[in-house]
Amino acid sequence: MTFDLKRFLTDHFRGGSPGDVVAIVRAVGLTVKPPSEEAVRKWVARNSITGENLAVLLATAEADRGSPVSVKHYMTGAPK
């Protein structure tokens, strides 16, 4: 199973640049330390993210848009 991180960031973080991701995480006011821009660059380069950081991004995207974020259309190879 694969998660299309690049497309998720593009869709939910105003283009998905590392600066945009960090700025939005800070702006929504979660009580977590935002990732560094370098960390986001590494996630994008390897198209991989830890579960803990994915949870932060999901909570951030939900807080930013005011509703839950579906991830099923970012998954490939997932059971139907």
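Threonine 60 sits in helix H4, which spans residues 51–65, in what is a predicted model. At 0% relative accessibility, this threonine counts as buried, because the cut-off for that label is under 20%. Its side chain reaches back along the chain to the backbone oxygen of valine 56, at 2.8 Å. Leaving out residues up to four places away in sequence, threonine 60 touches Phe13, Ile24, Val25, Val28 and Leu30. Two of these names, Ile24 and Val25, turn up again among the buried residues of helix H2.

Helix H2 covers residues 18–28, and its buried residues are Pro18, Val21, Val22, Ile24 and Val25. Those residues take up an arc of only 165° around the axis, so they fall on the same side of H2. Arg26 and Ala27, on the other side of the helix, are exposed. As for what the buried side meets, the buried residues of H2 pack against H1, H3 (37–46) and H4. Right after H2 comes glycine 29, with a positive phi near 80°.

Helix H1 (residues 5–12) can be described along similar lines. Its buried residues are Leu5, Phe8, Leu9 and His12. Here the arc around the axis is only 95°, which puts the four of them on the same side of H1. They pack against strand S1 (2–3) as well as H2, H3 and H4. Just past the end of H1, arginine 14 takes a positive phi of about 45°.

What do these helices build together? The largest nonpolar core holds 17 residues, and those with the most contacts inside it are Leu5, Phe8, Leu9, Phe13, Val21 and Leu57. H1, H2, H3 and H4 each put in at least two residues, with H2 giving the most, at four. In soluble globular proteins, nonpolar side chains tend to be buried together. Phenylalanine 13, one of the well-connected core residues, touches Phe8, Asp20, Val21, Ile24, Leu57, Thr60 and Ala61, again not counting residues up to four places away in sequence. That list brings the story back to threonine 60, listed there as Thr60.

Helix H3 comes into view through valine 44, which lies in it. With a relative accessible area of 24%, valine 44 is partly exposed, because the value falls between the 20% limit for buried and the 50% limit for exposed. Setting aside neighbours within four places in sequence, valine 44 is in contact with Leu5, Lys6 and Leu9. Leu5 and Leu9 are also among the buried residues of H1. Valine 44 and proline 18 are 26 residues apart in sequence, and their C-alpha atoms are 8.9 Å apart in space.

The aromatic rings deserve a look of their own. There are four aromatic pairs in the structure. In one of them, phenylalanine 3 and phenylalanine 8 form a tilted pair, 5.5 Å centre to centre and with 50° between the planes. Both of these phenylalanines are buried. Phenylalanine 8 also pairs with tyrosine 74: the ring centres are 5.4 Å apart and the planes stand at 85°, so this pair is edge-to-face. The pair links distant parts of the chain, with phenylalanine 8 in helix H1 and tyrosine 74 in the loop between H4 and strand S2 (75–76), 66 residues apart. Phenylalanine 8 is buried, with a relative accessible area of 0%, and tyrosine 74 counts as buried too, at 3%. Along with Phe3 and Phe13, Phe8 and Tyr74 make up one aromatic cluster.

Tyrosine 74 has a polar partner as well. Its side chain makes a polar contact with the side chain of histidine 12, at 3.0 Å. Is histidine 12 itself buried or exposed? Its relative accessible area is 13%, so it counts as buried. Neighbours within four places in sequence aside, histidine 12 is in contact with Ala61, Asp64, Arg65, Val69 and Tyr74. For one of those contacts, valine 69, the C-alpha to C-alpha distance to histidine 12 is 8.7 Å, although 57 residues separate the two in sequence.

Note on methods. Residues are numbered from 1 along each chain as its sequence is written. This is a predicted model: local features need pLDDT of at least 70, side-chain atom pairs count only at pLDDT 80 or more; totals for chains, interfaces and linings use all residues. Side-chain values use heavy atoms; hydrogens and water are left out. Buried means under 20% relative accessible area, exposed over 50%, partly exposed in between (1.4 Å probe, protein chains only). Contact means heavy atoms within 4.5 Å. A polar contact is a pair of N or O atoms within 3.5 Å; within protein, one must be able to donate a hydrogen and the other to accept it, and residues adjacent in sequence count only if both atoms are side-chain atoms. The arc is that of the directions from the helix axis to the C-beta atoms. A nonpolar core is a set of buried Ala, Val, Leu, Ile, Met, Phe, Trp, Tyr and Cys residues joined through side-chain atoms within 4.5 Å. Rings of Phe, Tyr and Trp (its six-membered ring) pair if their centres lie within 6.5 Å; planes under 30 degrees apart count as stacked, over 60 as edge-to-face and the rest as tilted.
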